[in-house]
Amino acid sequence: MTRDPRFDILFEPVRIGPVVARNRFYQVPHCNGMGYRDPTALAAMRGIKAEGGWAVVCTEQVEIHHTSEITPFIELRLWDDRDIPALVRMSDAVHEHGALAGIELCYNGMNGSNLYTREVPMGPAHLPVATFTYDPVQARAMSKRDIQSLRRWHRAAAVRAKRAGFDIVYVYAGHALGGLHHFLSRRYNDRTDEYGGSLENRVRLLREVIEDTREAVGDRSAVAVRVTVDELLGDDGLSKAEMEDAFGLIGELPDLWDLVLGSWEDDSRTSRFADEAFQEPFVTGFKRLTTKPVVGVGRFTSPDTMVRQVKAGILDLIGCARPSIADPFLPKKVEEGRVEDIRECIGCNICVSGDFTMSPIRCTQNPSMGEEWRRGWHPERIRRKTSEANVLVVGGGPAGLEAAMMLGRRGCEVALAEGGESLGGRVLREARLPGLAAWGRVHDYRAYQIARMPTVQTYLASRLEADDVLAFGFSHVAIATGSTWRRDAVGRLHTKPVAIDPAMPVLTPDDLMSGLRPAGRDVVVFDDDHYYMASVLAELLVAAGCRVRLLTMASRAAEWTYHTMEQHRIQTRLLELGVVVDTNRGLRSVGAGEIEVFCKFTGKTDRVACDTFVPVTARLPDDSLYAALQARQGEWQAAGIARVDAIGDAWAPGTIAAAVYAGRRYAEEFDLPEHDGDTVPFRREITELSTADPQSGSRSGITRVEAS
Ligand code: ADP
Ligand code: SF4
């Protein structure tokens with residue numbers, strides 16, 4: 001197939017200083033929780049993006065100096081020459097597929113607590129570090145000498161980046177994540193010298209660092225500058241008008257402008273809180289202020305939106321982080337006229353949670369993300385079948401859909417049996433909840449792919465019993481029958497069923513998703529799950545006219561969503577809707593017309609009027625079919641069954657990402673010998689023990705202290 005001519009403009013090359021991007025698809029820097037700990041896995045992940053057609057593939061932020069690191073978060077490092085080989089591995093992987101490699105150099109300044117190096121952080125002013133972890137650390141105001149040092153360190157890092165093969169070297173002044181942003185912003189910069197006060201003064205350090213970087217590497221590498229176009233703080237911070245003025249001062253200095261909005265939390269909003277291209281009004285207009293190419297983001301998955309932004313003169317390059325994670329082959333698919341094959345990002349920010357939990361990146365839509373080297377998975381390819389095994393997949397939720405699709409790609413004969421009237425399972429149910437419509441894409445992509453696979457047959461309205469499965473004679477059976485929310489409030493707080501008066505109406509999340517609504521007005525949602533479900537149900541209940549109290553032992557609503565950068569937006573929305581967010585309190589018992597709650601700290605109890613109780617605590621696997629088949633193992637051989645596995649929520653309830661991952665893993669491994677768990681089943685990067693101490697020259701790296 002060939003591409004639609006209306007997308008031709010996306011495939012025009014773009015000159016960026018001394019280098020040329022082969023098209024307009026630009027993977028902007030993004031964190032991934034792998035960084036310096038997993039450099040080979042990281043290189044493989046970036047290389048696959050290049051293979052997928054991106055013209056530019058960037059690193060995440062790269063710490064340029066040991067006085068500025070963001071432990072416990074795991075990013076890349078370029079502290080000295082010894083960090084170069086890890087970066088070469090990535091630039092090589094990117095070049096292998098004809099893309100440009102970009103590196104985002106970052107002096108974190110007062111955004112890093114230096115918990116590892118114990119150096120005192122530095123910033124424009126004497127202020128507590130600006131991390132959200134409230135570390136008891138203050139940055140000190142930089143002297144002129146410190147500023148000279150910072151310029152020298154940045155220049156040295158740029159030279160190392162060039163030696164490591166990078167084609168685009170960033171000066172990072174965005175997202176409030178680096179020192180250059182802090183100098184720019186009135187929020188942090190109260191200096192009275194030539195680096196503070198007027199815009200011209202606040203821009204001075206950025207100007208100097210851009211000039212230094214150009215001088216150091218500009219002959220071969222392009223210099224990109226990433227800035228926040230509006231801090232969304234009104235007069236207290238950088239506004240769009242002020243940034244436009246800044247472009248008047250330095251607009252022509254770099255080879256490329258990379259525009260972001262506010263902090264990272266502002267920029268990478270989930271689909272629950274922002275649509276595709278919501279940054280557009282903030283970014284519009286900057287291109288007119290510079291002759292240099294401009295890249296910007298917008299969780300772009302629609303090539304039409306991309307074309308429109310280019311034609312309207314808003315962007316030159318289409319910046320993507322999450323869309324490139326969900327589908328590393330997005331550009332190739334547009335190029336090959338396969339737009340309908342794009343695995344669209346659902347905007348859930350599970351990818352971000354990898355960085356926030358210091359674990360390798362994962363993605364709801366792309367289960368191979370982070371597993372490219374570790375398990376050898378590829379987003380588009382999977383090895384062909386090795387036998388004539390045929391597979392019955394029971395259940396068409398995310399786990400069953402992914403398993404069936406990837407088994408189909410392997411060329412296996414597959415039957416997908418779904419008890420309900422449509423495929424999708426929990427994803428279709430949850431996509432009908434407030435703000436979660438985009439989650440339906442998990443179903444849409446897979447159902448579309450499966451419908452075109454001749455070896456995968458789908459059977460709807462086919463609720464199977466053990467007798468059916470035994471009668472069919474498939475050699476392998478994957479039970480992906482999902483899970484059910486508990487009615488007895490068992491979860492983290494209560495590990496045994498809670499006393500619930502039979503006179504109290506109880507509605508579980510499943511009841512609400514199937515359309516049941518409370519009888520009375522006062523509803524208590526007890527959130528012992530701490531992810532999104534309780535909060536979206538609270539929104540649903542408010543829309544149904546209820547007065548809602550969200551009760552949680554955590555100190556914030558939807559506590560875990562801090563890892564998806566939505567917690568404060570969720571709490572704001574709930575408060576604005578009039579939901580009582582009742583924190584640090586737990587459920588003691590459920591009576592008729594009221595519930596008893598207790599304070600987490602004092603134990604003091606209290607009674608709250610309640611017409612309907614909604615426990616959002618935990619789920620139980622729907623594993624009765626699996627259990628029935630296991631109990632009849634003696635009949636398998638006669639029925640031609642070699643193996644029965646439970647996958648996804650039917651094995652252990654988890655995130656949608658975990659269910660999709662389980663489906664992929666099943667398709668990869670169902671025909672391998674069953675894993676006994678005695679060996680590590682994936683590749684790991686093992687740190688080499690230091691053999692030389694550069695300071696003392698000692699061979700062992702350990703200096704012995706002799707008693708005198
Ligand atoms: P997961 O997240 O693990 O994929 P879901 O709950 O989303 O799980 O999906 C499970 C699907 O399995 C649901 O669509 C449900 O209707 C279907 N299902 C459950 N039991 C059976 C069964 N015995 N036969 C066929 N389909 C079933
Ligand atoms: Fe998009 Fe979610 Fe994947 Fe992140 S994890 S790339 S937000 S689908």
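**Figure 1. The β24–β25 hairpin in this predicted model.** Welcome to the first close-up, where strands β24 and β25 form a hairpin with five residues between them. Within the turn, Gly 603 has a positive phi of about 80 degrees, a handy value to look up on your own Ramachandran plot. The two strands, β24 (residues 594–599) and β25 (residues 605–609), run antiparallel and are joined by five bridges. To find your bearings along the ladder, start at Phe 598, whose bridge partner in β25 is Thr 605.

**Figure 2. An open sheet of four strands with parallel pairing.** Reading across the sheet, the order is β22-β21-β20-β26. The edge strands are β22 (580–582) and β26 (612–616), and each of them pairs on one side only. From one strand to the next, the twist averages 20 degrees. Between β20 (residues 522–527) and β26 there are five bridges in the parallel sense, and here Val 525 stands opposite Val 614 of β26. Helix α18 (residues 533–543) packs on this sheet, where it touches β20, β21 (547–552) and β26. The direction of α18 makes about 165 degrees with that of β21. A reminder for anyone following side chains along these strands: in a regular strand they alternate between the two faces of the sheet.

**Figure 3. An open sheet of five strands, again with parallel pairing.** The strand order in this view is β17-β16-β15-β18-β28. β17 (456–459) and β28 (643–646) stand at the edges with a single partner strand each, so one side of each has no neighbour in the sheet. The twist averages 15 degrees from one strand to the next. Further in, β15 (residues 390–394) and β18 (residues 476–479) pair in the parallel sense over four bridges, and Val 393 has Ala 478 of β18 as its bridge partner.

**Figure 4. Helices α20 and α22 against β15, β18 and β28.** Helix α22 (residues 656–669) packs on the sheet and touches β15, β18 and β28; the direction of α22 makes about 170 degrees with that of β18. Helix α20 (residues 624–631) lies across β15, β18 and β28, and runs at about 155 degrees to β28.

**Figure 5. The surroundings of ligand 1.** Ligand 1 is surrounded by 22 residues, the closest being Ala 399, Glu 418, Gly 419, Arg 426 and Asp 649. By class, this shell holds eight nonpolar, ten polar and four charged residues. If you like to begin with polar contacts, try Asp 649: an N or O atom in its side chain is 2.6 Å from an oxygen atom of ligand 1. Backbone atoms take part as well, with a polar one of Pro 398 at 3.1 Å from a ligand 1 oxygen and a polar one of Ala 480 at 3.5 Å from a ligand 1 oxygen. Taken alone, ligand 1 exposes 590 Å², and the protein buries 91% of that.

**Figure 6. The shell around ligand 2.** The residues here include Cys 345, Cys 348, Cys 351 and Cys 363, along with Arg 322, Ile 325 and Ala 326. Also among them are Ile 346, Gly 347, Asn 349, Ile 350 and Thr 364. Two elements, α10 (322–326) and α12 (350–356), give two or more residues to the shell. The largest share, three residues, comes from α10. Sorted by class, the shell has eight nonpolar residues, three polar and one charged.

Definitions and conventions:
Residues are numbered from 1 along each chain as its sequence is written. Chains are lettered from A and ligands numbered from 1 in the order in which they are written. This is a predicted model: local features need pLDDT of at least 70, side-chain atom pairs count only at pLDDT 80 or more; totals for chains, interfaces and linings use all residues. Side-chain values use heavy atoms; hydrogens and water are left out. A residue is near a molecule or strand if one of its heavy atoms lies within 4 Å of it. Ala, Val, Leu, Ile, Met, Phe, Trp, Tyr, Cys and Pro count as nonpolar, Asp, Glu, Lys and Arg as charged, and the others, Gly among them, as polar. A polar contact is a pair of N or O atoms within 3.5 Å; within protein, one must be able to donate a hydrogen and the other to accept it, and residues adjacent in sequence count only if both atoms are side-chain atoms. Accessible areas come from the Shrake-Rupley method with a 1.4 Å probe; for residues, only the protein chains shown count as cover. Two strands pair if DSSP finds at least two bridges between them. Axes are lines fitted to C-alpha atoms, for helices over the stretch in contact, and angles run from 0 to 180 degrees between N-to-C directions. Contact means heavy atoms within 4.5 Å.
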